[in-house]
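Welcome to this short tour. Open your viewer, keep the selection tool at hand, and follow along stop by stop.

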Amino acid sequence: MPDIKHFNPDIVLDDAIQIFWRQGLPTTGIQALVTATGVSRSSLYATFGSKDGLYAAALDRYIAQHSTPAFAQLSSASSGLTAIEEFFSGLIEVRCSGPVAGWGCMVTNAYAGPECGDPGIRTLLEEHHTTLEAAMRAALATAHDLGQLHPDGDLDASAAVLATLAYGVNLRSRAGADAQALTDTVNAALAPLRAHPSPQEHLPQ
């Protein structure tokens with residue numbers, strides 16, 4: 001197996017993401033990580049400090065690869081509610097179909113597991129949540145400016161609800177909820193926000 005001087009840490013983290021995402025931290029043994037990465041136990045420890053250290057680095061890379069681009073796209077979009085609909089539609093598609101269907105979200109899985117008790121992991125999770133909620137708030141502000149929202153709506157409260165809904169989609173998909181059920185739930189959550197509810201303005205069925 002490669003020693004510490006002869007492997008690419010980013011590639012190791014990509015391999016580690018796959019197993020941690022699917023299995024979580026508590027049920028993943030170091031030997032499984034050695035097998036998945038092709039790097040010796042001693043080299044993994046020398047580079048990442050411990051299994052927990054490797055998990056924290058993998059979670060940070062997962063957020064950078066998956067969450068950060070999605071949140072940036074949502075917050076910078078000019079289409080308001082359409083951007084929020086597309087965010088959830090894309091989320092549901094990834095969670096319910098394709099190679100990682102049923103895995104949920106590595107971040108949401110961490111919230112639900114004992115790993116969230118680690119202060120460093122907790123910081124990553126809270127930063128992730130803050131960024132998600134801010135992206136929802138920005139998209140809602142655009143929707144407000146476009147006249148898409150009910151005039152009495154509270155943008156901060158709505159952003160908090162939608163951010164929490166994203167975690168719910170992740171958890172329910174991991175538990176086996178189908179795409180249509182999740183789509184119906186998102187449509188029901190968005191309906192009260194609309195200035196002029198229309199059957200044409202909802203996630204694809």
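Start by selecting four helices: α4 (51-76), α5 (81-96), α7 (119-145) and α8 (155-174), each of which supplies at least two residues to the lining of the largest pocket. Keep in mind as you look that this is a predicted model.

Now turn to the pocket itself, which has a volume of about 510 Å³. To find its centre, select H66, A70, F87, G90 and L91, the residues nearest to it among the 22 that line the pocket. What kinds of residues make up this lining? The lining divides into 14 nonpolar, six polar and two charged residues.

Next, pick out α7 alone. Its 27 residues should span 39 Å at 1.5 Å a residue, and its end C-alpha atoms are 39 Å apart, so the two values agree. At the N-terminal end, show the side chain of D118: one of its oxygens lies 2.9 Å from the backbone nitrogen of G120, capping the helix. Beyond the other end comes G147, with a positive phi near 75°.

Stay with α7 and colour its buried residues, among them I121, L124, H128, L132, M136 and L140. Which helices do they pack against? Show α4, α5, α6 (106-112) and α8 to see these partners.

For the last stop, select L140 once more, together with L149, H150, G153, D154, L155, S158 and L193: these residues line the largest cavity. Its volume is about 40 Å³, and the structure holds one cavity of 30 Å³ or more. Four of the lining residues are nonpolar, three polar and one charged.

Terms used:
Residues are numbered from 1 along each chain as its sequence is written. This is a predicted model: local features need pLDDT of at least 70, side-chain atom pairs count only at pLDDT 80 or more; totals for chains, interfaces and linings use all residues. Side-chain values use heavy atoms; hydrogens and water are left out. On a 1 Å grid over the protein atoms alone, a cavity is a set of points where a 1.4 Å probe fits but cannot get out, and a pocket is an open set with protein on both sides within 12 Å along at least five of seven lines; lining residues have an atom within 4 Å of a point. Grid points are joined across faces, edges and corners, and a volume is the space filled by probe spheres set on the points. Ala, Val, Leu, Ile, Met, Phe, Trp, Tyr, Cys and Pro count as nonpolar, Asp, Glu, Lys and Arg as charged, and the others, Gly among them, as polar. The expected span of a helix is 1.5 Å times one less than its number of residues. Buried means under 20% relative accessible area, exposed over 50%, partly exposed in between (1.4 Å probe, protein chains only). Contact means heavy atoms within 4.5 Å. A polar contact is a pair of N or O atoms within 3.5 Å; within protein, one must be able to donate a hydrogen and the other to accept it, and residues adjacent in sequence count only if both atoms are side-chain atoms.
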